[in-house]
Each structure stands twice: as structure tokens, then as C-alpha cells.
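Let's take a walk through a protein together, one piece at a time. Have the sequence and the 3D view ready, and turn the model as you read.

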Amino acid sequence: MTARHSEILRKIRPGGGPEDFDRWQQRKGLLTREAMLDASVDCLVESGYAGLSTNDVARRAGVSRGAMHHHFATRIALVEGLIEHIFYRRMRQFLDDFAQALEECGKRGFNVLPHVLAVELHWQTMQTKDYEAYLRLAVAARNDDDLARVFQPAAKRFDEVWMDEMAHAFPQWHHARQLMTLASDMTQAVHIGLLVNGSTMGEARSRLLQEHLAMSVNMLAERAEI
């Protein structure tokens with residue numbers, strides 16, 4: 001992981017992850033916390049937000065109620081950690097996959113447009129259990145004030161970090177931040193629509209929409225370079 005990537009991820013999770021610590025006791029505690037958060041994702045995906053409970057998470061993670069209470073004293077504290085956990089892993093997956101894909105394309109001599117590659121990788125990050133958990137939280141937050149109070153600020157922080165990284169990764173957008181924001185918002189809107197309606201639309205229509213999205217993002221990138 002590059003220093004730049006570590007800096008970005010720390011904006012989402014200031015304390016870092018288990019891979020950031022060398023001292024065993026510290027790392028052991030963080031690994032236990034990660035196991036609880038992984039179990040929370042499973043619980044949320046299988047049972048929805050209403051079915052998310054600290055007792056069920058402790059059982060799934062194989063930890064005592066005391067250990068659960070030590071890390072997450074309340075259900076809302078667990079939810080706060082879960083939101084950060086999901087955003088952190090989504091960003092990390094994208095950064096790792098993007099860097100790896102660019103390197104692979106360079107080795108093979110492929111002429112790939114980085115912003116089009118980013119669109120494809122963004123779609124891949126949405127095909128995960130973590131993103132399904134995120135959607136469940138986003139929907140539940142619309143009708144739950146307590147959840148909204150922790151979810152909305154975290155979602156806005158993630159969006160700010162995401163946009164800052166896009167500006168850094170694609171210098172052509174540097175003087176056209178509005179166009180870059182439009183490209184990002186369009187990508188997210190289309191991908192969420194495909195995630196919800198893709199099975200109804202069918203493969204051919206979904207693929208056509210993805211192709212037109214890539215062309216639209218490329219058109220905005222060309223405008224940004226003028």
C-alpha cells in the first residue's frame with residue numbers, strides 16, 4: 001500500500017486497521033474488533049437493520065458478551081463502527097484494484113483510459129456483501145432518526161474523501177471539479193439503478209447502459225481537458 005493510499009484510508013478510519021499495528025496485543029484487539037464487524041455485516045445482510053443485535057453479532061463472531069460490550073457498549077456504537085468499517089473496505093478495495101489494474105495494463109501494453117477503468121472498478125465494488133450492507137443501512141436511515149444521525153455524516157465524509165482522491169488520481173479534472181463531480185454522481189446513480197433493476201432489465205440492456213455510461217464519462221473527461 002502506498003503512503004498516499006494509507007493517508008486516504010486514515011481519513012475514513014483514523015485509527016487504521018489491524019495491518020497498521022505491529023504490537024501483538026494491540027493487533028489482537030483490533031482483529032477481534034474486525035471479527036465483530038465482519039459478523040455485523042453478515043447479520044445485517046441476512047436479517048436487515050431491524051434484526052441487527054449485539055447478542056447475535058457476539059454469537060456469530062465467537063466472542064463473549066463482555067468482549068462485545070468492551071468494543072461496542074451499545075447497538076448504535078456497533079452501527080457507528082460498522083459504517084466506518086464498510087466505507088473503509090470499499091475505499092481500500094477500489095484503491096488496491098485500481099492500482100493493480102493500471103499496473104497490469106501497463107505491463108501488457110494496453111491503452112486504457114483511467115477514468116473508464118475507474119467506472120468499471122466502481123461497479124465491481126458494488127458487487128459485494130459490504131455494499132449490500134451499506135444499502136440496507138442507507139435505506140433504514142431514511143426512517144430511523146438515530147441511525148440517520150450517525151450514517152449521514154459518515155456518508156458525507158466518505159463522499160468528500162472519494163472526490164478528493166478522484167481529483168488526485170485524474171489530473172485532467174483539476175480545473176473542472178464540477179464536471180468531475182457530475183461524472184461521479186452519474187456513475188453512482190446509474191450503478192445503483194442497475195443494482196436494483198438490473199435483473200428486470202436483463203443483461204443486454206444493462207450492458208448497453210454501462211457502455212453509454214463509460215462514453216458519457218469519457219465525454220466529460222474530454223471536456224475537462226479543453
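A helix here is a DSSP run of H or I that is at least four residues long, and helices are numbered from the N terminus. Keep in mind that what you're looking at is a predicted model. With that in hand, let's pick out one residue: G81 sits in helix α5.

Is G81 buried or exposed? Its relative accessible area is 5%, and the cut-off for buried is under 20%, so G81 counts as buried. What does G81 touch, once you skip residues up to four places away in sequence? The answer is R33, L37 and F72. Take L37 from that list: it is 44 residues away from G81 along the chain, yet the two C-alpha atoms are separated by 7.3 Å.

Now zoom out to the whole chain. It has 10 helices and 0 strands, so to speak a run of α-α-α-α-α-α-α-α-α-α from the N terminus on. Of its 226 residues, 42% count as buried. Look at contacts between residues at least 6 apart in sequence, and you'll find that 69% of them join residues at least 24 apart.

One stretch comes with a label. The UniProt record, an unreviewed entry, lists residues 53-72 as "DNA-binding region". In the model, that span is 75% helix and 0% strand, and its end C-alpha atoms lie 11 Å apart.

Next, try a little ruler work on two helices. Helix α7 has 13 residues, which at 1.5 Å a residue should span 18 Å, and its end C-alpha atoms are indeed 18 Å apart. Helix α10 covers residues 203-225; its 23 residues should span 33 Å, and the distance between its end C-alpha atoms agrees at 33 Å.

Which residues of these helices are buried? In α7 they are D130, Y131, A133, Y134, L137, A138, A140 and A141. In α10, the buried residues include S206, Q210, L213, A214, V217, N218, L220, A221 and A224. To make sense of lists like these, remember that an α-helix has 3.6 residues a turn, so residues three or four places apart point the same way. And what do the buried residues of α10 pack against? Their partners are α6 (114-125) and α9 (177-201).

Finally, let's look for empty space. Rolling a probe the size of a water molecule over the atoms shows where such space is left. The largest pocket holds about 320 Å³. It is lined by 18 residues, and the closest to its centre are Y134, A155, F158, D159 and Q188. The elements giving two or more residues to this lining are α5 (75-108), α7 (129-141), α8 (145-169) and α9. The largest share, 7 residues, comes from α8. Sorted by class, the pocket lining has 11 nonpolar, 3 polar and 4 charged residues. You've met Y134 already, as one of the buried residues of α7.

There are also 2 cavities of 30 Å³ or more. About 180 Å³ of space lies in the largest cavity. Of the 14 residues lining it, A118, M166, A183, S184 and T187 are the closest to its centre. Helices α6, α8 and α9 each give two or more residues to this lining, and α9 gives the most, with 5. What classes do the lining residues of this cavity fall into? They divide into 9 nonpolar, 5 polar and no charged.

How values were computed. Residues numbered from 1 in each chain as written. Predicted model: local features only at pLDDT ≥ 70, side-chain atom pairs only at ≥ 80, totals over all residues. Heavy atoms only, no water. Expected span 1.5 Å × (residues − 1). Buried < 20%, exposed > 50% of the residue type's maximum accessible area, 1.4 Å probe, protein only. Contact = heavy atoms within 4.5 Å. UniProt positions renumbered as here; feature names shortened; annotations may be inferred. 1 Å grid on protein atoms, 1.4 Å probe; cavity = no way out; pocket = protein on both sides within 12 Å on 5 of 7 lines; lining within 4 Å. Points joined across faces, edges and corners; volume = space filled by probe spheres on them. Nonpolar A, V, L, I, M, F, W, Y, C, P; charged D, E, K, R; others polar.
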